[in-house]
Amino acid sequence: MQKYIIILVAVLTNLCHAQQKTKIETTIKNWHKAAAEANFEAYFDLMTQDAIFIGTDPTENWTNNDFKAFSKPYFDKGKAWSFTGLERNIFVEDKANIAWFDELLDTQMGICRGSGVLQKTSNGWKIKHYVLSIAIPNENVKEITELKKKFDSDLIQKLRAN
């Protein structure tokens with residue numbers, strides 16, 4: 001009998017994790033969809049109030065309020081950004097209050113990689129931290145590094161001076 005109880009608990013635990021992953025997947029898809037539809041309210045409603053968004057430019061490390069201010073003009077013009085998931089991996093903490101993910105995206109910049117952390121709130125799963133980066137094939141790194149050399153050098157000097 002004890003063996004069957006252990007199996008039942010394992011099955012129910014896996015089922016709960018699967019349901020959480022489905023809810024998380026839906027949150028991420030709806031977040032990207034809201035940006036593609038330039039729906040400012042829906043997009044930011046899927047983020048925590050203290051969310052951080054790190055963009056592709058090394059100077060883009062925004063609090064939620066700063067990111068709202070930066071992106072509002074794009075949303076107002078009806079032209080935010082359109083990211084379509086190509087591949088996504090979702091991981092859920094045992095207590096299911098925190099989850100993290102990585103994804104490959106089809107974007108206007110080509111293939112990008114996103115990674116983030118979600119927090120379970122009383123209003124469902126919300127993006128708490130997101131990092132977007134442009135995926136560069138290894139064979140192109142040398143030429144990309146050369147293209148951004150001056151920018152990087154100037155920014156490194158500025159950051160070290162602070």
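Modeller: Before we start, two strands count as paired if DSSP finds at least two bridges between them, and strands (E, at least two residues) and helices (H or I, at least four) are DSSP runs numbered from the N terminus. This is a predicted model, where local features need pLDDT of at least 70, side-chain atom pairs count only at pLDDT 80 or more, and totals for chains, interfaces and linings use all residues. Residues are numbered from 1 along each chain as its sequence is written, and side-chain values use heavy atoms, with hydrogens and water left out.

Colleague: Cool. In what sense do β1 and β2 pair?

Modeller: Antiparallel, over 3 bridges, with β1 covering residues 47-54. I52 has T63 in β2 as its bridge partner.

Colleague: And what's the strand order in the open sheet?

Modeller: β2-β1-β6-β5-β4-β3, so 6 strands with mixed pairing.

Colleague: Which strands stand at the edges?

Modeller: β2 (61-63) and β3 (84-92); each has a single partner strand, so one side of each lacks a neighbour in the sheet.

Colleague: What lies across β1 and β2?

Modeller: Helix α3, residues 64-76, running at about 105 degrees to β2. Axes are lines fitted to C-alpha atoms, for helices over the stretch in contact (heavy atoms within 4.5 Å), and angles run from 0 to 180 degrees between N-to-C directions.

Colleague: Switching to A99: buried or exposed?

Modeller: Buried, at 0% relative accessibility. The cut-offs are under 20% relative accessible area for buried, over 50% for exposed and partly exposed in between, with a 1.4 Å probe and protein chains only. A99 is found in β4, residues 98-107.

Colleague: What is A99 in contact with, leaving aside neighbours within four places in sequence?

Modeller: I24, F91, V92, G116, V117, L118 and W125.
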